[in-house]
Number of protein chains: 2
Amino acid sequence: MTTKPSPIPSVWARPQRESDQPALSRAAIVREAIVMLDAEGVEALSMRKLATRLNAGAASLYRHVATKDELMELAVDEVAAEIHVPPADGPEWRAAVTEAARSFRTTALRHPWLPPVLGQAGLAYLGPNLMSYSERLAALFTAAGFPDPGTAIDAVLSYVIGMSTTEAAWLTTVSRSGDSESGLIARLLPAVQQATAPHSHLSQGYAETEEAATTDPAALRDAKFEAALDIVLDGLSLRLDTPGS
Amino acid sequence: MTTKPSPIPSVWARPQRESDQPALSRAAIVREAIVMLDAEGVEALSMRKLATRLNAGAASLYRHVATKDELMELAVDEVAAEIHVPPADGPEWRAAVTEAARSFRTTALRHPWLPPVLGQAGLAYLGPNLMSYSERLAALFTAAGFPDPGTAIDAVLSYVIGMSTTEAAWLTTVSRSGDSESGLIARLLPAVQQATAPHSHLSQGYAETEEAATTDPAALRDAKFEAALDIVLDGLSLRLDTPGS
DNA sequence: TCCGGTGTGCGTACAGTGTTCGCAACGAGG
DNA sequence: CCTCGTTGCGAACACTGTACGCACACCGGA
């Protein structure tokens, strides 16, 4: 109100191109969007808040990005660049695939908004970084000698996506709760016990949950990821030793 | 305007409890929400539209449901009741698990909004139907004699979730495109070819895509699901034959 | 030196969202 | 008959994503 009281064009110091920030570019927008997503989650990202953070007006963003969905696709692909896949070198395929799977997971957990967005997006899959990720995975499996690399990719990638989705959802609720992971587990324990009470196998299984409150939950999640991944990789190795069909 | 021009309380036929619909209940709300979600997807569901469909005002819904997120959790759990798991009967575990996996997938594809919501939801997992699903899965794996049923569940469930998420995202884009599945594939082919051009392994792999335009895409998806599932199940069977550790 | 044209920033407005408040009408119990 | 707790809801609030159109900065040519 006090800063711009009159529309008098008798302006003294004109805008003079406030060169604090290096202007406004698609790259800068995407970068800052990712920062916001990481910090506060999907529902905290609004075009207006993002613009304010960039010292810009909301409408300005639309000069560089067609729509919020497109911005999301760009963010997804940008983040996909962080996933590391070892080069294809034949016999060491198991270690390499394990590394690729771990890298996907850590990226997904570093950006917990990623899995659900991936699950909605649709055509973000055509982004260059996601493309080159798939490409490198395919190269790895063909170099290893798999007769049907496509199915191999489906198996391990689906597993990794599913596991990461579940974990990311959990991490999101953790950070929304404002509590630590073990703290939330402890607070949740009564509810879980009550819910699992009528289910004999579950109450037995969720005895682990009690452990999780004492030991480090993150380490336990790591172990679970590795264990189930090993199952999938075992299944894969069968396809390699007996190249039937 | 013409229906309620004056606030005169000289009302003749009072509301008289319009008994077309059986009033308004949490169950009815959730049911109708699922109908809307199935028909038009997540972003088409708003409290106001939902209320209108139930011949009610928007605010009325909040008498039966605390928040939209809670409504979503209820919808997720309601839909989870459709997933079928065969009873645990020992040696036939492979067929039974396959059936459970297929049932999860068909449910997810019947309600394509489910996977992304599952990935955001957080504590929907404590709903009674999801609980009993997990319970029946656990029963199945323990009856089969797996030394570590938890990891077995992780492996197959993560795979199924990941695959269903990807497929559901694809089906969502298909239905948003207003085209048929093979029609959309055909229209998308140029873009895909361009995107995969610099990636040798991918352009080879996506040669299948050309097939998909001619043959039935749904059948092809079914086959892919089964093939990768078999890999996971092979890995599982190893854990059973050699009960190491 | 001026002069258009092009691209960028953005104030404003619109239609829609989830949710809250407070009031009206009802059915049941005393 | 009169209360009381419950249910429905009109209106309002604080937001959201996005379209429109104007103002201004820059730049190549005259």
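The legends below describe close-up views of a predicted model.

**View 1. An aromatic pair in chain A joins helix 4 to a loop.** Over all chains, the structure holds eight aromatic pairs. One of them is formed by A:Trp93 and A:Phe146, whose ring centres are 5.1 Å apart and whose planes stand at 90°, an edge-to-face arrangement. The two partners come from distant parts of the chain, 53 residues apart. A:Trp93 belongs to helix 4 (residues 93-110) of chain A, while A:Phe146 is in the loop between helix 6 (128-144) and helix 7 (149-177) of chain A. Both A:Trp93 and A:Phe146 are buried. Together with A:Phe141, the residues A:Trp93 and A:Phe146 make up one aromatic cluster.

**View 2. A stacked aromatic pair in chain B connects helix 7 and helix 11.** The rings of B:Tyr159 and B:Phe225 are stacked, with 5.8 Å from centre to centre and 25° between the planes. B:Tyr159 lies in helix 7 (residues 149-177) of chain B and B:Phe225 in helix 11 (residues 217-241) of chain B, so the pair ties together parts that are 66 residues apart in sequence. B:Tyr159 has a relative accessible area of 0% and is therefore buried. For B:Phe225 the relative accessible area is 0%, so this residue is buried.

**View 3. An arginine lies over the ring of Phe225 in chain A and in chain B.** In chain A, A:Arg105 is placed over the face of A:Phe225, at 4.9 Å from the ring centre. In chain B, the charged end of B:Arg105 sits over the ring of B:Phe225, and the distance to the ring centre is 4.9 Å. B:Phe225 is the residue that also stacks with B:Tyr159.

**View 4. The protein surface around DNA strand C includes residues of chain A and chain B.** DNA strand C is surrounded by 19 residues, and the closest are A:Arg63, B:Arg48, B:Tyr62, B:Thr67 and B:Lys68. Of the atoms of DNA strand C that come within 4 Å of the protein, 43% are accounted for by sugar and phosphate. With three residues, helix 2 (residues 47-53) of chain B gives the most to this surface. By class, the surface near DNA strand C has seven nonpolar, five polar and seven charged residues.

**View 5. Side-chain and backbone atoms approach phosphate oxygens of DNA strand C.** In the side chain of B:Tyr62, an N or O atom is 2.8 Å from a phosphate oxygen of DNA strand C. A polar backbone atom of B:Met47 is 2.9 Å from a phosphate oxygen of this strand. From chain A, a polar side-chain atom of A:Ser60 lies 3.2 Å from a phosphate oxygen of DNA strand C.

**View 6. DNA strand D is contacted at its bases and at a phosphate oxygen.** Around DNA strand D there are 19 residues, of which the closest are A:Arg48, A:Thr67, A:Lys68, B:Arg63 and B:His64. Sugar or phosphate supplies 44% of the atoms of DNA strand D within 4 Å of the protein, and the rest belong to bases. A polar side-chain atom of A:Arg48 lies 2.6 Å from a base nitrogen, and an N or O atom in the side chain of B:Arg63 is 2.6 Å from a base oxygen. At the backbone of the strand, a polar side-chain atom of B:Ser60 lies 3.0 Å from a phosphate oxygen. Helix 2 (residues 47-53) of chain A contributes the largest share of the surface near DNA strand D, three residues. This surface divides into seven nonpolar, five polar and seven charged residues.

Definitions and conventions. Residues are numbered from 1 along each chain as its sequence is written. Chains are lettered from A and ligands numbered from 1 in the order in which they are written. This is a predicted model: local features need pLDDT of at least 70, side-chain atom pairs count only at pLDDT 80 or more; totals for chains, interfaces and linings use all residues. Side-chain values use heavy atoms; hydrogens and water are left out. Rings of Phe, Tyr and Trp (its six-membered ring) pair if their centres lie within 6.5 Å; planes under 30 degrees apart count as stacked, over 60 as edge-to-face and the rest as tilted. Helices (H or I, at least four residues) and strands (E, at least two) are DSSP runs, numbered from the N terminus. Buried means under 20% relative accessible area, exposed over 50%, partly exposed in between (1.4 Å probe, protein chains only). A charge sits over a ring if NZ of Lys or CZ of Arg is within 6 Å of the ring centre and within 35 degrees of the ring normal. A residue is near a molecule or strand if one of its heavy atoms lies within 4 Å of it. A polar contact is a pair of N or O atoms within 3.5 Å; within protein, one must be able to donate a hydrogen and the other to accept it, and residues adjacent in sequence count only if both atoms are side-chain atoms. Ala, Val, Leu, Ile, Met, Phe, Trp, Tyr, Cys and Pro count as nonpolar, Asp, Glu, Lys and Arg as charged, and the others, Gly among them, as polar.
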